[in-house]
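Please take a moment to look at the sequence and the model together before reading on. The paragraphs that follow are meant to be read slowly, with the structure open beside them.

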Amino acid sequence: MVKLVLFDADGVIQRPSRPIPDALAALLPNSTAGDQFLEAVFAAERPFLTGGDGFTESLQQVLHEHNSQVALEHALTVWTDIQQVDFAHNAIAGLQANNIPVGLATNQQRHRAAFMRDDLGYRDLFDHLFISCEMGVAKPDVAYFEHIASELAGDGLQPSDIAFIDDHPSNVDAAREAGLHSEVFIYTDGENRLREILTGWGLHH
């Protein structure tokens, strides 16, 4: 029986207001080097998904190397221009109303994690926050889910009591390897699909 549900953030309960590649390309004087810039930005962010405070400095360096004239503060809005997926948030509220605790399980660097926790109100929305930069390990490493299972064991939960929803199959596979129930879901699958997943776990929402 599932006693707690973990939700991934991006692609499940939230989405960018504008496609990330487009938003990043707009930071350049022209878009001809867009793909290279995209790769450089993601490479600069990746080490900080498991901790550290140097993401903004690394981003500033990438902007400089690609001749972007955009201020760092403006560039950072690409990571905070987020829209919630209303039906997913409604499902979270429904689970909590039925006494099923919910958690967030997401890969983030500290700048964006702080925005999501404080500005988006995830600190209050979720019963548990499992954020990679605070854990020292990121999805799809099985150790990420083992860390979560170990922490929730303090609440008397076994891995088989925990369910996880994510839009990346590799993350779902890792969660299953750690003993969690897990299903692939992306917000474009729609409300009925999310309801089907939760109902399949015997959850009222």
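What follows is a walk through this predicted model, beginning with a strand, passing on to some backbone angles and ending with charged side chains.

A good place to begin is strand 1, which covers residues 4-7. In a regular strand, side chains point in turn to one face of the sheet and then to the other. Here Leu4 and Leu6 lie on one side, while Val5 and Phe7 lie on the other, and all of these residues are buried, so that both faces of the strand are covered. Strand 1 also has partners: it runs parallel to strand 6, residues 162-166, and is joined to that strand by 4 bridges, with Phe7 standing opposite Ile165. Strand 4, residues 102-106, likewise runs parallel to strand 1, and 3 bridges join these two; within this pairing, Val5 has Val102 as its bridge partner.

From the strands we can turn to the backbone, where a few places call for a closer look. Most peptide bonds are trans, and most residues other than glycine have a negative phi. Against that background, the bond between Lys139 and Pro140 is a cis peptide bond, with omega at about 10°, and Pro140 belongs to the loop between helix 9 and helix 10. Asn67, although it is not a glycine, has a positive phi of about 60°; this residue sits in the loop between helix 3 and helix 4 and is exposed, because its relative accessible area of 51% is over the 50% cut-off. Asn99 also has a positive phi, near 65°, and is found in the loop between helix 6 and strand 4, where its relative accessibility of 68% makes it count as exposed.

The charged side chains come next, and the count of salt bridges in the model comes to 10. One of them is formed by Arg112 and Asp10, whose closest N and O atoms are 2.8 Å apart. Why can this pair be said to tie together parts that are apart in sequence? Arg112 lies in helix 7, whereas Asp10 lies in the loop between strand 1 and strand 2, so the salt bridge links parts of the chain that are 102 residues apart in sequence. As for their surroundings, Arg112 is buried, with a relative accessible area of 8%, while Asp10 is partly exposed at 24%.

Glu183 takes part in salt bridges with two arginines: with Arg176, at 3.7 Å from N to O, and with Arg193, at 3.9 Å from N to O. Since Arg193 lies in helix 12 and Glu183 in strand 7, this second pair ties together parts that are 10 residues apart in sequence. Through salt bridges that share partners, Arg176, Glu183, Arg193 and Glu196 are joined into one network. Among these residues, Glu183 is partly exposed at 27% relative accessibility, Arg176 is partly exposed at 42%, and Arg193 is partly exposed with a relative accessible area of 27%.

Finally, some charges on the surface gather with others of like sign. Asp141, Glu146, Asp173 and Glu177 form a patch of negative charge there. Glu146, one of these residues, has its place in helix 10, residues 142-152, and is partly exposed, with a relative accessible area of 47%. Residues enter such a patch only if they have over 30% relative accessible area and no salt bridge, so the residues of this patch stand apart from the salt-bridged pairs described above.

Terms used:
Residues are numbered from 1 along each chain as its sequence is written. This is a predicted model: local features need pLDDT of at least 70, side-chain atom pairs count only at pLDDT 80 or more; totals for chains, interfaces and linings use all residues. Side-chain values use heavy atoms; hydrogens and water are left out. Patches are made of residues with over 30% relative accessible area and no salt bridge: like charges are joined within 9 Å, nonpolar side chains (Val, Leu, Ile, Met, Phe, Trp, Tyr) within 5 Å. Accessible areas come from the Shrake-Rupley method with a 1.4 Å probe; for residues, only the protein chains shown count as cover. A salt bridge is a side-chain nitrogen of Lys or Arg within 4 Å of a carboxyl oxygen of Asp or Glu. Lys and Arg count as positive and Asp and Glu as negative; His and the chain ends are not counted. The place of a charge is taken as NZ of Lys, CZ of Arg, CG of Asp or CD of Glu. Buried means under 20% relative accessible area, exposed over 50%, partly exposed in between (1.4 Å probe, protein chains only). Two strands pair if DSSP finds at least two bridges between them.
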